[in-house]
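Hi everyone, thanks for making time. I'll put a structure up on the screen and then talk you through a few parts of it.

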Amino acid sequence: MKCEFADSLLQGYFDGELNDRRAAEFERHLAHCDRCATELVDLDWLSGRLQLTPIYESAPASLRRTINTHLHPIARTRTASQPLFWQWLAAAAALLFIAFILWKVSPELRSDDYRAELADEIVDAHLRSLQTGHMTEIASNDERVVKGWFDAKLTFSLPVRDFAASGFALNGGRLDVVEGRTVAVLVYEHNRRPINVFVWPTREPDTSPHTGSRQGFQWVDWRQDKREICVVSDTSRDDLQQLNRLMSE
Amino acid sequence: MSELELEDRERFEQLVLPYVDAAFNLARWLLRGRADAEDVAQEALLRACRFFRGFHGGDARAWLLQIVRNTCYTWLEKNRSMELSTEFNEEIHLQDCATPETLAIASDDRARLTHALETLPPRFREVLVLRELEGCSYKEIAAITSLPIGTVMSSLSRARRELHSALANPAQKGAVREV
């Protein structure tokens with residue numbers, strides 16, 4: 001096998017893209033070709049430099065905001081048509097019906113508004129932490145160390161648990177500000193993606209988890225034992241629900 | 001601008017938005033600048049939004065990056081068509097980048113690598129970015145670039161060789177520039 005022919009095989013071999021038969025064929029060639037052996041080392045060096053040097057550029061927050069505004073327009077324009085009498089009548093009936101529903105379910109609706117606003121703030125805080133690279137003020141996977149750090153700063157008790165055995169490794173914690181109050185943030189890592197867990201005290205009764213997504217981030221929020229907990233990340237919703245179950249146990 | 005129905009919007013947020021970084025990063029390297037990249041990535045994302053009903057599952061990242069790439073090339077053709085026709089970018093690059101400042105900071109690792117990557121023609125740059133930074137498989141790169149897999153392999157091979165020699169012999173290139 002001449003090296004010119006081996007060249008694309010070399011790339012495929014290096015990138016793990018050859019099937020077993022061709023990989024074996026290339027390895028036979030490699031055994032007596034110094035040039036290809038040297039090139040493999042060069043490829044490895046180059047790949048290492050590309051991956052270790054921080055040249056990946058993440059999207060600016062303004063881009064995410066623009067897309068988000070596009071997806072959630074504040075005011076929608078509708079083309080108005082000439083309404084007929086019965087349409088007015090239907091609209092009036094609908095209004096009455098809506099008023100009735102609002103009266104019946106307003107507590108839940110208010111809670112949805114609350115969650116939407118909260119989700120915005122939490123996702124913003126999550127984005128800030130990703131952009132500044134400032135995820136943790138206390139970086140440790142030791143539950144007691146992290147708990148001790150929080151206990152000295154918080155007015156409420158915060159359980160700190162590492163779920164590394166279930167794939168959610170504790171990375172540490174920090175304090176953040178959400179809706180004008182200081183909140184505790186536990187930072188976990190799952191499949192190399194960071195997960196922020198925001199926790200603050202509440203007087204409200206316990207709730208089951210609510211989920212949602214904003215700007216490509218998933219969140220799960222629930223109240224338990226006089227604490228409100230909101231988990232946010234760009235991992236899948238299932239992952240966050242699993243973390244919710246682990247934390248609720 | 002057409003709006004997505006609620007259900008599609010949620011699906012778009014779940015499937016496509018996780019790749020906003022990937023979209024921006026590819027645009028940044030194809031266009032060699034953050035400001036242009038933001039404009040073009042935005043255009044591509046809005047286009048993805050518009051065409052989302054035509055996306056019937058599959059690899060959302062490859063689907064989005066294909067749109068980003070096409071939008072980038074359209075932009076380059078309109079604004080810097082020279083770059084697409086030139087095999088090697090050294091001259092173009094010298095005009096806008098080789099100020100004394102850039103040469104001075106070229107000793108910095110990151111700046112050197114950035115400079116070396118940016119001197120490669122866009123077609124080499126894109127396969128490197130997709131393979132090394134984005135971790136795409138050959139099949140995914142072929143889907144994104146609409147190139148046959150054989151061409152993906154040979155482009156990668158050329159691109160790596162060019163980049164390697166640019167990094168291994170920076171002094172020689174610097175010397176030529178000084179003259």
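**A helix and its surroundings**

Let's start at one small spot: right after helix 2 of chain B comes B:Arg32, and its phi is positive, near 60°. Before we go on, keep in mind that this is a predicted model.

Now look at the helix just before that residue. Helix 2 of chain B covers residues 20-31, which makes 12 residues. How far apart should its ends be, at 1.5 Å a residue? The expected span is 1.5 Å times one less than the number of residues, so for this helix we get 16 Å, and the end C-alpha atoms are indeed 16 Å apart, which agrees.

Next question: how many residues of helix 2 of chain B are buried? The count is 12 of the 12, so the helix is largely enclosed by the rest of the structure. Among them you'll find B:Phe24, B:Trp29 and B:Leu30, but also B:Asp21, B:Asn25 and B:Arg28.

And what do those buried residues pack against? Within chain B, they pack against helix 3 (34-50), helix 4 (60-79), helix 8 (109-119) and helix 9 (122-133). They also pack against helix 4 of chain A, so to speak across the chains.

Let me zoom out to chain B for a second. You can see 12 helices and zero strands there. Of its 179 residues, 39% count as buried. If you take the contacts in chain B with a separation of 6 or more, 67% of them come from residues 24 or more positions apart.

Okay, on to where the two chains meet. Here 32 residues of chain A are in contact with 34 residues of chain B. On the chain A side, helix 1 (3-14), helix 3 (34-52) and helix 4 (61-71) each supply at least two residues. By class, that side has 11 nonpolar, 13 polar and eight charged residues.

One pair of helices is worth picking out. Helix 3 of chain A packs with helix 11 of chain B, residues 149-168, and their axes are 10 Å apart. The angle between them is about 75°. Anything from 65 to 115 degrees counts as roughly perpendicular, and therefore that is what we call these two helices, helix 3 of chain A and helix 11 of chain B.

Which residues meet there? From helix 3 of chain A we have A:Asp42, A:Leu43 and A:Leu46, and from helix 11 of chain B we have B:Arg160, B:Leu163 and B:His164. Sorted by class, the residues of this contact are three nonpolar, one polar and two charged.

That's my tour, thanks for listening!

Terms used:
Residues numbered from 1 in each chain as written. Chains lettered and ligands numbered in written order. Predicted model: local features only at pLDDT ≥ 70, side-chain atom pairs only at ≥ 80, totals over all residues. Contact = placed C-beta atoms within 7 Å. Helix = DSSP H or I, 4+ residues; strand = E, 2+ residues; numbered from the N terminus. Nonpolar A, V, L, I, M, F, W, Y, C, P; charged D, E, K, R; others polar. Buried ≥ 20, exposed ≤ 12 C-beta atoms within 10 Å, placed from the backbone. Axes fitted to C-alpha atoms, helices over the stretch in contact; angles between N-to-C directions. Parallel < 35°, antiparallel > 145°, perpendicular 65-115°, else oblique.
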